[in-house]
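Let's walk through this structure together, with an eye on its charged pairs and on what is tucked away inside. Have the sequence at hand as you read.

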Amino acid sequence: MKCHQRIMKEQHLQEDLKNLSFDPTVIPLSEYVFSKEIYSSEIRDFLRTYEWLQSVGVSAKWCFTMRLKGYLAGVQILNEPAAYSRLLGPETMKWECLIQRGATVSWAHQHLGSKMLMASIRWMVQNTEKRLFVGYSDTSAREVGVLYQACNFKYLGHKFGTTEKYRHPTYKKGKEFCQHSLRRTSVLKSWCRQNGIKIEEGWIKPNGFKDLKVIPYEVKRGWYDWGNQIIRESEEIKIDSKGKYALVVGRDRREQKWLDKLFDVKIYPYPKRD
């Protein structure tokens, strides 16, 4: 009962080892170098090879890597959530961060994933307002959230995410998509370009997200109608809900104590793979 991501790594192991000039099994975890990087074609191709979903999804906002002797060994992508929670109360929006994608190369140290994730989180806490980090486990990929468990995330249960996806004859070239993805800022920008609509100043907030209060009604109406038409023309596919994990990290002990008081939610025992 291995997760699909582990299976993909095992399939590439022998071929990947041929391209190395060293034996990765004798190199300690401390030799891997963590960096914040700009999303690139190298990172995109890496995710397509080793990540279960084989894509970054929504445009990456924060991208981190682990390298060994110059070789790309791991990628971590963080982003704003598609929809914010209220896990820390009404101010949650400015603190919440989504763990969007993460993958390590086939020959990487077995603990590289957890080290990379926590290094990324620590960077975010020191350099941004983000303090709440959420991630999901996908049962369709045989995931139970082993990485999150290793990093002491709290398990919030298995009742999150959409329970249906869609497949359209032409939209996204026939690939599956979620209905809420049609409301993303990147989709709005694409729709405007395709319809010759100029995105005016103020339509996009400083954080890169659309401002629906500023965008004219006729533009929003046309975009919504297009999205609804896509759904009507699509095949509906039922999927399982996802498990959700969350970790609250303060910049210092005082902030940690204050955030822990805000994080008043029900916690469940970690799920295990059968």
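A good place to start is Asp 225, which counts as partly exposed at 39% relative accessibility (buried means under 20% relative accessible area, exposed over 50%, and partly exposed in between, with a 1.4 Å probe and protein chains only). Its partner Arg 221 is also partly exposed, at 32%. The two form a salt bridge whose closest N and O atoms are 3.2 Å apart; the term stands for a side-chain nitrogen of Lys or Arg within 4 Å of a carboxyl oxygen of Asp or Glu. Because they sit 4 residues apart in helix α7, about one helical turn separates them. Helices (H or I, at least four residues) and strands (E, at least two) are DSSP runs, numbered from the N terminus.

Before going on, a word on the model: it is predicted, so local features need pLDDT of at least 70 and side-chain atom pairs count only at pLDDT 80 or more, while totals for chains, interfaces and linings use all residues. Residues are numbered from 1 along each chain as its sequence is written, and side-chain values use heavy atoms, leaving out hydrogens and water.

The structure holds 13 salt bridges. One of them pairs Glu 42 with Arg 67 at 2.8 Å between the closest N and O atoms. This pair links distant parts of the chain, with Glu 42 in helix α2 (residues 41–50) and Arg 67 in strand β2 (residues 62–68), 25 residues apart. Glu 42 is partly exposed at 38%, whereas Arg 67 is buried at 18%. Another salt bridge joins Lys 130 and Glu 80 (2.8 Å, N to O), which lie 50 residues apart in two loops, α4 to β5 for Lys 130 and β3 to α3 for Glu 80. Both ends count as buried: Lys 130 at 6% and Glu 80 at 9%.

Next to Lys 130 in the numbering comes Arg 131, in the loop between α4 (112–127) and β5 (132–137). Arg 131 is buried, at 7% relative accessibility, and its side chain reaches the backbone oxygen of Val 125 at 3.2 Å.

Finally, look at helix α6 (residues 185–194), where Thr 185, Val 187, Leu 188, Trp 191 and Cys 192 are buried. They lie on the same side of α6 because they cover an arc of only 160° around the axis, taken from the directions from the helix axis to the C-beta atoms. The face turned away from that side carries the exposed Arg 193 and Gln 194.

Terms used. Polar contact = N/O pair within 3.5 Å; in protein donor to acceptor, adjacent residues only side chain to side chain.
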